[in-house]
Amino acid sequence: MKAPPTCPRCFASLHGPNAWSSAWRCDAHGDVLPFQPPRPPSLAAVETLRKNSVVPVWLPWPLPAGWLVTGFGEVGDERTGDRASVVALCGPSISHGPADVLIVAEEPGVGLGAALAGLSGPDPGEGFDAGPPNAKIEVLGHPTPLWCVGGPDDRAVYAGEALGNWLWTIVWPAEAGCLVALSELALLDLRDHDLDLPFGAFSPRLGG
């Protein structure tokens, strides 16, 4: 039996649509788009996101050496389409041990990126981009600035904007955040490419 959707801002259970409203409702955050149960890494999950997502499904390509795709997530339903996507990755960090990375694309106000980053959200917050960027990532061939956003000490969080949507890159452990700054990652949109992806074990980082 499929798990029910949850709030994209706090991962709490939702009240579903009813005869009076087509909206999903969180007791803490009011009407929200539903965060669907995360999908294990598979070609079927890729095809679902390619078909349903209104926002890009970002993936670093080529993947850094030793990196694997470890899951997917989306916010939205059949009525709205997916208004946020998240791709999970795992691989060796530059410093020591493995690292987990989540890459989120979302429309403003959805709140998934902030929730996964451990922030109150729903967006990075005013002034997060006031200073010079802390990293740049290539998006569809264009250098895109990212700024560090404060969050829990166990992870590094970068946020920016690409194609009118928020772009979040969240890395565990925090020391592995240098991957974003130093690896010269180049993102492409999985919706537009049929790739032979290497899959790993289902990520524990999807969903809070």
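**View 1. V139 of strand 7 stands opposite L187 in strand 11.** Strands here are DSSP runs of E with at least two residues, numbered from the N terminus. Strand 11 covers residues 186-189 and pairs with strand 7 in the parallel sense over 2 bridges; two strands count as paired if DSSP finds at least two bridges between them. This is a predicted model, in which local features need pLDDT of at least 70, side-chain atom pairs count only at pLDDT 80 or more, and totals for chains, interfaces and linings use all residues. Residues are numbered from 1 along each chain as its sequence is written, and side-chain values use heavy atoms, without hydrogens and water.

**View 2. The side chains of strand 7 (residues 135-139) alternate between two faces.** A135, I137 and V139 point to one face and are buried (under 20% relative accessible area, 1.4 Å probe, protein chains only). K136 and E138 point to the other face and are not buried.

**View 3. Strand 7 and strand 8 form a hairpin.** The two strands have 2 residues between them, and L140 in the turn has a positive phi of about 50 degrees. Their pairing is antiparallel, over 5 bridges, with strand 8 spanning residues 142-148. A135 stands opposite L146 of strand 8.

**View 4. An open sheet of 9 strands has mixed pairing.** The strand order is 3-11-7-8-9-10-6-5-4. Strand 3 (58-60) and strand 4 (68-77) each have a single partner strand, so one side of each is left without a neighbour in the sheet.

**View 5. Strand 6 (residues 98-106) pairs with strand 10 (residues 165-172) in the antiparallel sense.** The pair has 7 bridges, and T169 in strand 10 is the bridge partner of I103.

Key
Buried < 20%, exposed > 50% of the residue type's maximum accessible area, 1.4 Å probe, protein only. Helix = DSSP H or I, 4+ residues; strand = E, 2+ residues; numbered from the N terminus.
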